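Visitor: Could you take one part of this protein and look at it closely? Please show me how that part connects to what lies around it.

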Amino acid sequence: MIEKQQRKLRAVPAFAALCLSLLCAFASPALAGEAKLGAISIKDAWARATPPWPVATLAFVRLENAGADDRLLSASSDVAGQTLIHRFVATGDRPAMEVQREGVPLAEGVTLDMRAEGYHLMLLNLESRLDAGNTVPVTLTFEKAGAVEVAFDIKSLLPPGLQGGKPAPEKPTN
């Protein structure tokens, strides 16, 4: 009787290991460009690819707040010397970019769809080129929800026929 119980106990770790390996094999990883932080869903996160001489690029994301009022306070990335939240403002015939030093309010039930002609992120003083098809990590910090790192997809805005095949132009000199 004791020997039978010992065999069962030895089988438990093996069974647990099998279950864990199956769980890992079939678990779907978080998609690039998406994350969840409390009641805030982060979707469609992407940044523009850069030319061979990167200086800055724009990044966009959709923030859906299903909970209490919050605020996107800041963004940061290891590939950028500075990351700012900007807002495109058209006043008369002189469009301008305004840095959102106080962040961006994200009221309960609101979806903020960042785009070039509205709120967006600016990744400045880039350390290297951002190539289409890769991802770049960006940390979004919210006033109440906290911080989350999101993998922003890098996308080219050029038509597929113009994305490759030609040597890159030399860095411009001014």
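**A close look at one strand and its surroundings**

Guide: Threonine 57 is buried, because its relative accessible area is 6% and the cut-off for buried is under 20%. Keep in mind that this is a predicted model. Threonine 57 belongs to strand E3, which covers residues 56-65. That strand is our part for today.

Start with the side chain of threonine 57. One of its polar atoms lies 2.7 Å from the backbone oxygen of arginine 48. Arginine 48 also appears among the residues that threonine 57 contacts, once neighbours within four places in sequence are left aside. Ala49 and Thr50 are on that list too. The remaining names come from further along the chain: Leu121, Met122, Leu123, Leu126 and Leu130.

Now move along E3 to phenylalanine 60. What does this residue pair with? Phenylalanine 60 lies in strand E3 and its partner, tryptophan 46, in strand E2, so the pair ties together parts that are 14 residues apart in sequence. The structure holds one aromatic pair, and here we have it. Two values are needed to picture it. A pair of aromatic rings is described by the distance of the centres and the angle of the planes. For tryptophan 46 and phenylalanine 60, the centres are 4.7 Å apart. The planes meet at 40°, so the pair is tilted. An angle under 30 degrees would count as stacked, and one over 60 as edge-to-face. Both tryptophan 46 and phenylalanine 60 are buried.

Next comes arginine 62. With a relative accessible area of 27%, arginine 62 is partly exposed. Its side chain meets that of aspartate 113 in a salt bridge, 3.1 Å from N to O. The two residues are 51 residues apart, with arginine 62 in strand E3 and aspartate 113 in strand E8 (residues 111-113), so distant parts of the chain are linked. Aspartate 113 is partly exposed as well, at 35%. A third residue joins in. Asp44, Arg62 and Asp113 form a network of salt bridges.

Go on to glutamate 64. Its side chain meets lysine 43 in another salt bridge, at 3.2 Å from N to O. Lysine 43 sits in strand E2 (residues 40-48) and glutamate 64 in E3, so this pair ties together parts that are 21 residues apart in sequence. How exposed are these two? Lysine 43 has a relative accessible area of 31%, so it counts as partly exposed. Glutamate 64 is at 22%, so it is partly exposed too.

So what varies along E3? Threonine 57 and phenylalanine 60 are buried, whereas arginine 62 and glutamate 64 are partly exposed. One general point helps when you look at any strand. In a regular strand the side chains alternate between the two faces of the sheet.

Step back from E3. The structure holds five salt bridges. One of them pairs arginine 129 with aspartate 131, at 2.5 Å from N to O. Arginine 129 is partly exposed at 41%, and aspartate 131 is partly exposed at 32%.

Other strands are joined by backbone bridges. Strand E4 (residues 70-76) runs antiparallel to strand E7 (residues 104-106), and three bridges join them. There, leucine 72 stands opposite valine 104. E4 also runs antiparallel to strand E10 (residues 135-142), this time with four bridges. Alanine 75 has leucine 140 in E10 as its bridge partner.

For a contrast with the buried threonine, try glutamate 149. This residue lies in strand E11 (residues 146-155). Glutamate 149 is exposed, because its relative accessible area is 57% and exposed means over 50%. Pro137, Val138 and Thr139 are what it touches, not counting residues up to four places away in sequence. Glutamate 149 and glutamate 34 are 115 residues apart in sequence, yet their C-alpha atoms are 9.8 Å apart in space.

Finally, the whole protein. It has one helix and 11 strands. The helix comes at the start of the order, and the strands follow. Of the 174 residues, 30% are buried. Among contacts between residues at least 6 apart in sequence, 67% join residues at least 24 apart. The accessible surface comes to about 11,300 Å², and 55% of it belongs to carbon and sulfur atoms.

Note on methods
Residues numbered from 1 in each chain as written. Predicted model: local features only at pLDDT ≥ 70, side-chain atom pairs only at ≥ 80, totals over all residues. Heavy atoms only, no water. Buried < 20%, exposed > 50% of the residue type's maximum accessible area, 1.4 Å probe, protein only. Polar contact = N/O pair within 3.5 Å; in protein donor to acceptor, adjacent residues only side chain to side chain. Contact = heavy atoms within 4.5 Å. Salt bridge = Lys/Arg side-chain N within 4 Å of Asp/Glu carboxyl O. Phe/Tyr/Trp six-rings, centres within 6.5 Å; stacked < 30°, edge-to-face > 60°. Pairing = 2+ DSSP bridges. Areas by Shrake-Rupley, 256 points an atom, 1.4 Å probe, with all protein chains shown as cover.
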